[in-house]
There are 2 protein chains.
Amino acid sequence: MRESFCRLQSHLERASALGAALALFSWDSETLAPKKAAQYTSKAVGILSGEMFGALVNDATRELMALCEKETDLSLEEKALLRVLKKQFEELEKLPREEYEAYQELIAKAPSIWNEAKEKQDFSLFAPALKQIVEYNRRFAALRAEKGQRPYDVLLNDYEEGFTVDVLDPFFAQLKQEIVPLLRQIEKNPQPELPVRRCSVEKQREFNRFLAEYMGFDFDRGVLGETEHPFTDGLHSYDVRIATHYYEDNPESGIFSTIHEGGHAIYEQQINPEYNLTLLGGGGGCGLHESQSRFFENVIGRSKAFWKPIYSKLQDTFPEAFGELPLDGFIQEVNRAQASLIRTEADELTYSLHILVRYELEKELMEGSVQVEDLPRAWNEKYTEYLGVTPQNDAEGVLQDIHWASGLFGYFPSYALGSAIASQLFACMKREMPLEKYLEEGNLLPIREFLREHVHQWGKAKTTGEILRETTGEDFDARYYVEYLKEKFGR
Amino acid sequence: MRESFCRLQSHLERASALGAALALFSWDSETLAPKKAAQYTSKAVGILSGEMFGALVNDATRELMALCEKETDLSLEEKALLRVLKKQFEELEKLPREEYEAYQELIAKAPSIWNEAKEKQDFSLFAPALKQIVEYNRRFAALRAEKGQRPYDVLLNDYEEGFTVDVLDPFFAQLKQEIVPLLRQIEKNPQPELPVRRCSVEKQREFNRFLAEYMGFDFDRGVLGETEHPFTDGLHSYDVRIATHYYEDNPESGIFSTIHEGGHAIYEQQINPEYNLTLLGGGGGCGLHESQSRFFENVIGRSKAFWKPIYSKLQDTFPEAFGELPLDGFIQEVNRAQASLIRTEADELTYSLHILVRYELEKELMEGSVQVEDLPRAWNEKYTEYLGVTPQNDAEGVLQDIHWASGLFGYFPSYALGSAIASQLFACMKREMPLEKYLEEGNLLPIREFLREHVHQWGKAKTTGEILRETTGEDFDARYYVEYLKEKFGR
């Protein structure tokens with residue numbers, strides 16, 4: 001890199017270090033921090049977020065950016081650095097720092113309030129905090145919006161560039177149109193109740209550790225922890241952390257959470273380590289990130305080929321739960337399509353309907369046509385309408401996801417986009433390698449290598465669009481996803 | 001607090017928030033962070049340490065300090081705030097920030113190097129890093145020293161004010177003079193080899209959690225984790241973390257580590273929460289802090305009265321290991337005096353000799369009369385001379401403690417001082433309450449309350465000297481410790 005860029009990079013080191021600290025606080029608060037810590041810790045997190053704001057948004061950054069923009073023949077990394085910085089800079093510069101700091105303190109505290117409300121199945125305990133979070137998001141979006149831009153589009157753009165309401169509305173409409181009839185078809189044949197498969201949490205820990213390692217997660221550069229709501233967090237590619245969860249009466253929940261998060265984590269671990277603690281570190285757009293988790297979880301993780309080499313290990317670890325269930329039965333079980341209440345436990349077919357509910361509600365919240373206090377009612381109505389099931393309490397309804405407590409408005413569509421991108425990449429991979437054969441041989445290396453080469457290593461150095469075009473030769477196309485679902489669930 | 005002090009407090013908030021982040025990094029790196037993370041994370045820690053340096057040492061601090069010093073009729077807290085700030089300010093202001101930052105990066109990385117060297121029992125792997133750490137400490141001490149001040153005294157003062165070489169030399173000389181003859185006396189009657197008591201780590205986790213709770217550790221405001229070298233860390237009084245360790249073949253090691261660290265942790269949890277995230281938060285001098293851990297571990301934790309209400313619980317949890325051992329036998333076992341190699345496993349009598357070795361070596365390292373490469377030899381010689389035992393490898397010798405890897409030169413004497421202060425407080429408590437009766441009843445509340453009232457709640461608002469005088473009516477006096485040891489081990 002030339003001198004101007006080196007100066008810019010080193011000017012931004014403080015922001016990166018603060019970013020690593022905030023990532024650690026975020027991981028810690030969800031996995032380990034004691035119950036009552038947040039009331040003080042959130043204050044520190046607010047202050048450090050303000051510091052990070054200051055480290056990024058200042059005259060020196062502006063001047064160095066201008067200096068770098070004057071350079072010609074930019075390398076891939078240099079171009080990307082400017083693009084990513086500009087995006088982050090513009091996300092922040094119009095916000096008053098004090099408000100940003102207060103907001104960060106709020107969303108550092110809110111997950112512990114959400115957690116308690118969920119435990120008590122009582123949305124009203126969480127509503128006041130959520131109301132504040134929604135207000136901040138509306139206000140920040142309004143401050144940041146270009147002339148005529150929808151506030152919700154401002155937020156959507158933070159997570160996956162270019163996927164605005166005008167793109168997502170028809171995308172979801174298409175999904176709804178294809179999925180609902182398929183689901184109705186399937187529901188015509190009532191499916192038997194599944195037996196409860198009990199597995200000790202201790203044994204699940206052991207098996208999920210094996211599973212993560214089998215997928216290719218490197219424990220010398222990563223951690224597998226536990227939490228209420230599974231997630232993956234990373235300080236840099238040498239410290240990537242999965243938090244999964246274990247339910248004694250539902251081992252499959254832990255298994256597919258681990259595989260899903262493992263997909264995120266392998267992405268983070270395979271990013272070029274030279275990007276560590278720079279703006280290019282960490283995965284690209286959230287839709288692309290979710291494509292990696294959904295690819296591992298669903299496309300390969302629920303396939304017979306994936307389980308063939310390791311199913312006996314599952315049976316040996318839990319003889320009582322799985323000893324009598326043949327591989328085919330297991331595969332059938334983990335691919336059942338059935339409308340249900342909880343997104344993270346949902347099958348591939350109905351999953352996007354869960355996202356649709358959230359997408360519509362977020363849009364309405366941001367437009368002001370739905371109020372926070374109306375959410376439980378609106379949520380339940382949409383579940384009844386789209387999925388045909390109605391939550392019996394807030395914990396299995398509007399309180400099920402942590403995202404809004406963490407201030408993530410505009411994130412949910414990434415899951416559906418991720419599924420679609422995963423299908424598009426899958427179609428390409430199938431053309432380029434004997435995917436099933438590798439899976440059956442327990443050889444995941446060529447799959448990881450394909451993803452490393454085309455997706456992972458680039459971190460934020462390439463956009464989702466660039467990666468899709470360079471890998472598949474096409475722009476984003478939801479058709480692959482619809483075809484994938486039809487083929488899998490139409491049978 | 002008046003306006004000048006409020007301004008000062010709020011000016012220092014950034015430093016406190018950064019301090020909390022660094023405490024979290026430190027906890028995390030010892031307990032959870034993956035093996036290879038340190039090489040990048042230490043860079044972020046270095047930068048954040050530099051930020052903290054800058055947040056503390058600047059003209060605004062200097063001006064606000066001067067403004068506050070002009071005020072009259074200072075309250076206890078105001079006086080303390082100035083005292084603590086002045087000490088921290090003076091510790092840093094003479095150091096070049098870049099060197100300080102590089103040093104912090106080094107000691108953030110060094111524990112992982114130490115860990116590997118210890119695993120491989122090979123001091124030479126750790127020597128280069130240690131050499132750098134020693135050089136930095138010598139250089140920083142020289143920069144900070146007043147005219148004629150010994151470099152080692154500069155460091156000692158960081159951990160417990162006023163306890164210089166001139167105080168510690170006669171203190172250790174007295175201990176040596178009293179302990180060595182007692183030990184020789186005891187060694188005349190050869191003690192039988194103790195049986196190995198095997199206990200599963202899982203069950204130990206369960207029992208140690210019970211034990212910490214029994215002592216009064218509040219799990220809503222604290223965490224019990226695991227590590228190679230036990231320690232306690234705190235972000236504030238609502239987030240205090242114990243890291244203990246479990247050996248399958250030595251359950252007593254875990255038990256007394258937990259009780260020891262529990263003493264530190266209860267101190268931190270009982271500090272006035274108004275001091276959280278201010279300079280007055282966290283415990284006072286390290287000697288005082290160690291007095292609380294050593295008090296719980298030894299003075300009460302090894303007493304028959306403490307175990308009477310809970311010994312059956314230990315036996316029920318580990319029937320194979322302790323089922324046949326009566327309470328008296330257990331108490332005898334955990335109070336055996338016998339020269340040994342590992343400090344953290346040492347009995348109360350020989351413990352101070354372990355400290356003496358480190359004290360003498362640190363003094364010589366800082367004076368330059370011993371070099372890093374000579375340490376293993378010098379260490380082994382001193383162990384042979386003072387304790388009559390010789391390490392067979394570096395892991396059970398010079399590599400056993402993490403302290404030097406973390407840059408803690410001058411800390412070790414705190415352990416011996418802590419034992420002495422614990423004895424002095426114990427003598428006072430025995431006069432003021434039926435201590436044994438409370439312990440036998442399983443009622444630790446009056447003991448915690450006594451410590452809260454006289455010691456814990458004050459955080460850094462009172463000095464060790466003030467606390468000792470106000471509680472016991474006397475200055476520090478090593479006599480109580482010597483008498484305690486003679487009474488206990490002379491029998």
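**Close-up 1. Salt bridges link chain B and chain A in this predicted model.** Let's start with the charged partners: six salt bridges are counted between chain B and chain A. One to look for joins the side chains of A:Arg241 and B:Asp28, with 2.6 Å from N to O. Polar contacts can be counted here too, and there are 12 residue pairs of this kind between the two chains, both residues having pLDDT 80 or more.

**Close-up 2. Helices and strands build the side of chain B that touches chain A.** Which elements of chain B each supply at least two residues to this side? They are the helices α2 (13-31) and α3 (38-56), together with the strands β1 (222-226), β2 (231-236) and β3 (239-244). The largest share comes from α2(B), which gives 10 residues. Sorted by character, the residues on this side of chain B are 21 nonpolar, five polar and 12 charged.

**Close-up 3. Chain B and chain A bury area between them.** How many residues does each chain bring to the contact? Chain A brings 38 residues, and chain B brings 38 residues. The area buried between the chains is about 3200 Å², and carbon and sulfur atoms give 68% of it. On the chain B side, try finding B:Pro34, B:Tyr40 and B:Asp220: these lose the most area to chain A, together 18% of what that side buries.

**Close-up 4. A rotation superposes chain B on chain A.** Imagine turning chain B by 180 degrees, with 0.0 Å of shift along the axis: chain B then superposes on chain A with an RMSD of 0.0 Å. The two copies are therefore related as by a two-fold rotation axis. Which residue of chain B comes closest to that axis? Look for B:Ala21, whose C-alpha is at 3.1 Å. The copies meet through the same surface, because 100% of the interface residues of chain B are also interface residues in chain A.

**Close-up 5. A:Thr350 sits in a helix of chain A.** Now for a single residue: A:Thr350 belongs to helix α17, which covers residues 348-367 of chain A. Is A:Thr350 buried or exposed? Its relative accessible area is 0%, so A:Thr350 is buried, a label that applies under 20%. And what is A:Thr350 in contact with, leaving aside its neighbours within four places in sequence? You can pick out A:Leu183, A:Gln338, A:Ala339 and A:Leu387 as its contacts.

How values were computed:
Residues are numbered from 1 along each chain as its sequence is written. Chains are lettered from A and ligands numbered from 1 in the order in which they are written. This is a predicted model: local features need pLDDT of at least 70, side-chain atom pairs count only at pLDDT 80 or more; totals for chains, interfaces and linings use all residues. Side-chain values use heavy atoms; hydrogens and water are left out. Contact means heavy atoms within 4.5 Å. Buried area is the accessible area (1.4 Å probe) that two parts lose on being put together, summed over both. A salt bridge is a side-chain nitrogen of Lys or Arg within 4 Å of a carboxyl oxygen of Asp or Glu. A polar contact is a pair of N or O atoms within 3.5 Å; within protein, one must be able to donate a hydrogen and the other to accept it, and residues adjacent in sequence count only if both atoms are side-chain atoms. Helices (H or I, at least four residues) and strands (E, at least two) are DSSP runs, numbered from the N terminus. Ala, Val, Leu, Ile, Met, Phe, Trp, Tyr, Cys and Pro count as nonpolar, Asp, Glu, Lys and Arg as charged, and the others, Gly among them, as polar. Copies are superposed by least squares on the C-alpha atoms of residues with pLDDT of at least 70 in both. Buried means under 20% relative accessible area, exposed over 50%, partly exposed in between (1.4 Å probe, protein chains only).
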